[in-house]
Amino acid sequence: MIRVTENFRKIQELLAIATSEAKRPPGSVRLLSVSKKKPLAAILEVADAGQRDFGENFVQEAVEKIKNSGRDDLIWHFIGHLQSNKTRDVAEHFQWVHTIDRLKIAKRLSAQRPHDAGDLNVCLEVNIDDEPQKSGISPGEVPKLAAEIAALPRLKLRGLMCLPIIEADPEQQLIPFAKMRALHEKLRAEGLDVDTLSMGMSADYAAAIKEGATIVRVGTAIFGKRE
Ligand SMILES: *Cc1c(COP(=O)(O)O)cnc(C)c1O
């Protein structure tokens, strides 16, 4: 049995240390617990310990958990690859989508977002290392797509997300995150009201925090290895 509550408390401590080492204010980095492929019982245990933000990658699995959770105080973030035939479920059940990589998907989410649900918070997924097999838009495409999405009703463009190449060396880990920071600053300089950099996972959150991450997405370090 993985002791998820203990892991969660430990990660909270480690994030606080990384935030202070990066000379950033306490509480400026939000923890997203990534619960894909993990049972609802584990999610509820972490929720009882005070966690509110949960990240899921698979629409059907996530919608079942959301419906069965019996709680309306949890904030659900979609962080998987989103196909256009699944946008309605995401628009109806999630508060955030981190992985927008096409205008078409954003337009569908905008049209399908229920009027009583409040704006859906969205981030653009950036293929920051230009990897051919990975989803996400290239850095050069970011300003145009960001401006188009910022204009859509019922969506709120919050910022950028990335999944860089896995690097063990902490110095190397900084490089893609620094590029993300620069892209984010560019959007702000162009007048877009963005406040979110979703970057950093179990193995590289400290580097991401150094480069300005405002949301880190941590799965394994809380819930243990996935099948
Ligand atoms: C699975 C996943 C994570 C969590 O990764 P860990 O290494 O388990 O912390 C974060 N972001 C995305 C997009 C993921 O798919």
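Which residue has a side-chain N or O atom 2.8 Å from a nitrogen atom of the ligand? I took this up as my opening entry, keeping in mind that the model is predicted, and I found that the residue is R217.

**Ligand site.** I then listed the surroundings of the ligand, where 13 residues lie around it, and K36, N57, S202, G219 and T220 come nearest. Two of these I followed to their side chains: a polar atom of K36 lies 2.7 Å from an oxygen atom of the ligand, and a polar side-chain atom of S202 lies 2.5 Å from an oxygen atom of the ligand. I also looked up the areas, and noted that the ligand taken alone exposes 390 Å², of which the protein buries 89%. The space that the ligand takes is the largest pocket.

**Aromatic pairs.** My search of the whole structure for aromatic pairs returned two. In one of them, the ring centres of F54 and W76 are 5.7 Å apart and the planes stand at 35°, so I entered this pair as tilted. It links distant parts of the chain, since F54 belongs to strand β2 (residues 53-56) and W76 to strand β3 (residues 75-78), 22 residues apart. I checked the burial of both partners: F54 is buried with a relative accessible area of 0%, and W76 is buried with 2%.

The other entry is the pair of F78 and F94, which is edge-to-face, at 5.5 Å centre to centre with 85° between the planes. Here too distant parts of the chain are linked, with F78 in strand β3 and F94 in the loop between α4 (87-93) and β4 (96-100), 16 residues apart. I noted both F78 and F94 as buried.

Definitions and conventions. Residues are numbered from 1 along each chain as its sequence is written. This is a predicted model: local features need pLDDT of at least 70, side-chain atom pairs count only at pLDDT 80 or more; totals for chains, interfaces and linings use all residues. Side-chain values use heavy atoms; hydrogens and water are left out. Rings of Phe, Tyr and Trp (its six-membered ring) pair if their centres lie within 6.5 Å; planes under 30 degrees apart count as stacked, over 60 as edge-to-face and the rest as tilted. Helices (H or I, at least four residues) and strands (E, at least two) are DSSP runs, numbered from the N terminus. Buried means under 20% relative accessible area, exposed over 50%, partly exposed in between (1.4 Å probe, protein chains only). A residue is near a molecule or strand if one of its heavy atoms lies within 4 Å of it. A polar contact is a pair of N or O atoms within 3.5 Å; within protein, one must be able to donate a hydrogen and the other to accept it, and residues adjacent in sequence count only if both atoms are side-chain atoms. Accessible areas come from the Shrake-Rupley method with a 1.4 Å probe; for residues, only the protein chains shown count as cover. On a 1 Å grid over the protein atoms alone, a cavity is a set of points where a 1.4 Å probe fits but cannot get out, and a pocket is an open set with protein on both sides within 12 Å along at least five of seven lines; lining residues have an atom within 4 Å of a point. A molecule sits in a cavity or pocket if more than half of its atoms lie within 2 Å of its grid points.
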